[in-house]
Amino acid sequence: MTPVFKLSADAPIETGASDLLGRAGFAMSCAEAIANWQDDASLVVAIWGDWGSGKSSLKNLIVEKLRDLEEDRRPTIVQFNPWQTSRCEPTLERLLWRNRESSRTADRQGRQGNS
Ligand SMILES: Nc1ncnc2c1ncn2[C@@H]1O[C@H](COP(=O)(O)OP(=O)(O)OP(=O)(O)O)[C@@H](O)[C@H]1O
Ligand SMILES: [Mg+2]
């Protein structure tokens with residue numbers, strides 16, 4: 001039989017449909033824990049792991065689960081990648097700008113949903 005040689009783009013997976021490592025259940029638990037956060041203090045969650053161990057993929061699975069939550073529990077999700085901007089403009093400025101854009105979009109969608 002002729003061997004099949006395949007290359008991989010080594011991109012993070014985006015959805016649970018591509019999860020070959022059985023991490024979707026853990027991602028669901030993380031999403032539930034985040035959605036259940038009621039405290040006034042900020043919550044910071046870090047994903048720590050070796051290079052290429054699947055951190056970004058796990059983050060994507062968690063985001064997917066958060067987006068699947070019922071509307072009244074679903075948080076506003078703003079994705080920000082400092083590696084993409086740090087050489088161009090100050091990271092904090094870009095983060096604040098990104099948050100502002102997202103809350104304006106959420107406001108617009110809220111107004112449309114209420115009209
Ligand atoms: N649950 C999974 N199922 C299938 N493939 C996966 C899974 N998690 C990660 N991979 C694959 O492993 C590789 C590394 O994943 P990923 O980029 O998420 O890791 P990372 O820890 O964020 O890497 P880096 O340290 O470079 O940021 C990618 O090719 C990705 O598609
Ligand atoms: Mg990564």
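Leaving aside neighbours within four places in sequence, Ile62 touches three residues: Ala27, Cys30 and Ala31 are its contacts. The model is predicted.

Ile62 sits in helix α2, residues 55-68. Ile62 is buried there, and so are Ser57, Leu58, Asn60, Leu61, Lys65 and Leu66. An α-helix has 3.6 residues a turn, so residues three or four places apart point the same way. The cover over the buried residues of α2 includes α1 (24-35).

Ile62 also belongs to the largest nonpolar core. That core has six residues: Ala27, Ala31, Leu58, Leu61, Ile62 and Leu66. Helices α1 and α2 each supply at least two of them. The biggest share, four residues, comes from α2.

Does the length of α2 fit a helix? The table sets out the values.

| Helix α2 | Value |
|---|---|
| Residues in α2 | 14 residues |
| Expected span of α2 | 20 Å, at 1.5 Å a residue |
| Distance between end C-alpha atoms of α2 | 20 Å |

The span of α2 agrees with expectation, because its end C-alpha atoms are 20 Å apart and 20 Å is what 14 residues should cover.

Now the whole chain. The protein chain has four helices and zero strands. From the N terminus, the order is α-α-α-α. Of its 115 residues, 8% count as buried. Among contacts with a separation of 6 or more, 61% join residues 24 or more positions apart.

Last, the ligand. Ligand 1 is surrounded by 18 residues, and the closest are Pro12, Gly54, Lys55, Ser56 and Ser57. By class, the shell holds six nonpolar, eight polar and four charged residues.

Terms used. Residues numbered from 1 in each chain as written. Chains lettered and ligands numbered in written order. Predicted model: local features only at pLDDT ≥ 70, side-chain atom pairs only at ≥ 80, totals over all residues. Near = placed C-beta within 6 Å. Nonpolar A, V, L, I, M, F, W, Y, C, P; charged D, E, K, R; others polar. Helix = DSSP H or I, 4+ residues; strand = E, 2+ residues; numbered from the N terminus. Buried ≥ 20, exposed ≤ 12 C-beta atoms within 10 Å, placed from the backbone. Contact = placed C-beta atoms within 7 Å. Expected span 1.5 Å × (residues − 1). Core = buried A, V, L, I, M, F, W, Y, C linked by C-beta atoms within 7 Å.
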